[in-house]
Amino acid sequence: MIWKQILLLSCLTAFVLLAILESGEGAAVSSKQVAGEEDKKNLKKIFLQESDASNFFKKRGKRSTKSRDELNAENRQQLRADEHRREYYEEQRNEFENFVEEQNDEQEERSREQVEQWRQWHYDGLYPPYLYNRHRI
């Protein structure tokens with residue numbers, strides 16, 4: 001029985017709160033009307049003119065030739081796609097060239113270090129340490 005009273009009391013408070021909020025919105029009607037007029041002005045900008053709208057849904061027949069505007073638009077799209085493709089592959093090529101150059105530099109550095117270590121190990125005290133400086137017995 002108590003749960004019914006709690007439910008009734010919560011519903012009554014919710015109804016009172018909604019009534020208060022709705023009466024508070026009624027005072028702001030003038031600003032909503034102004035906002036509604038601004039929305040109508042913005043909606044007028046969205047719609048096309050009648051001359052444009054009548055041509056909007058007309059479609060070209062399958063066998064008819066394309067207009068010059070359509071051909072130009074398709075050519076621009078194709079050129080733009082080609083340019084993007086060229087830039088992409090150029091970027092990939094540059095990254096790969098940089099990678100290969102780094103690998104070659106690292107390999108050269110390792111081989112130079114190994115040669116330097118070999119020369120230090122086999123140095124005989126003569127400068128320059130070439131074979132023709134070696135003393136033959």
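**Arg-112 and Glu-109**

I looked up Arg-112 to begin with and found a relative accessible area of 47%, so I entered the residue as partly exposed. The model I am reading is a predicted one. I then looked for a partner of the Arg-112 side chain and found Glu-109, the two meeting in a salt bridge at 2.7 Å, N to O. Glu-109 has a relative accessible area of 35% and is also down as partly exposed. I checked where the two sit: both are in helix α4, and because they are three residues apart, about one helical turn separates them.

**Asp-82 and Arg-85**

I asked myself how many salt bridges the structure holds. The count is three, and I went on to the pair Asp-82 and Arg-85. Their side chains meet at 2.8 Å, N to O. I noted the spacing here as well: Asp-82 and Arg-85 lie in helix α4, three residues apart, which is about one turn of the helix. Is Asp-82 buried or partly exposed? Its relative accessibility is 25%, and the cut-off for buried is under 20%, so I wrote Asp-82 down as partly exposed. Arg-85, with a relative accessible area of 42%, is partly exposed.

**Glu-74 and Lys-66**

I turned next to Glu-74, which forms a salt bridge with Lys-66. The closest N and O atoms of this pair are 2.8 Å apart. I recorded 37% relative accessible area for Glu-74, which makes it partly exposed. For Lys-66 I have 35% relative accessibility, again partly exposed.

**The chain as a whole**

I stepped back to the secondary structure and listed four helices and zero strands. Read from the N terminus, the order of elements is α-α-α-α. I looked up how much of the chain is buried: of its 137 residues, buried ones make up 0%. The accessible surface comes to about 14100 Å², and carbon and sulfur atoms account for 57% of this area.

**Negative patch**

Which residues form the negative surface patch? I listed Glu-97, Glu-101, Glu-102, Asp-105, Glu-106 and Glu-108. I picked Glu-101 for a check of its place and found it in helix α4, residues 68-121. The relative accessibility of Glu-101 is 48%; exposed would need over 50%, so Glu-101 stays in the partly exposed class.

**Nonpolar patch**

I then looked up a nonpolar patch on the surface, made of Leu-9, Leu-12, Phe-15, Val-16, Leu-17 and Ile-20. Together these side chains' residues have about 630 Å² of accessible area. I followed up Val-16, which is found in helix α1, residues 2-26. At 42% relative accessibility, I put Val-16 down as partly exposed.

**Aromatic pair**

Last, I searched for paired aromatic rings and counted one pair. The pair is Tyr-88 with Tyr-89, whose ring centres are 5.3 Å apart and whose planes stand at 70°. Planes over 60 degrees apart count as edge-to-face, so I filed Tyr-88 and Tyr-89 under that heading. I also looked up the accessibility of Tyr-88, which is 45%, and entered the residue as partly exposed.

Conventions
Residues numbered from 1 in each chain as written. Predicted model: local features only at pLDDT ≥ 70, side-chain atom pairs only at ≥ 80, totals over all residues. Heavy atoms only, no water. Buried < 20%, exposed > 50% of the residue type's maximum accessible area, 1.4 Å probe, protein only. Areas by Shrake-Rupley, 256 points an atom, 1.4 Å probe, with all protein chains shown as cover. Phe/Tyr/Trp six-rings, centres within 6.5 Å; stacked < 30°, edge-to-face > 60°. Patch = residues over 30% accessible without salt bridge, like charges linked within 9 Å, V, L, I, M, F, W, Y side chains within 5 Å. Salt bridge = Lys/Arg side-chain N within 4 Å of Asp/Glu carboxyl O. Lys, Arg positive; Asp, Glu negative; His and termini not counted. Charge placed at Lys NZ, Arg CZ, Asp CG, Glu CD.
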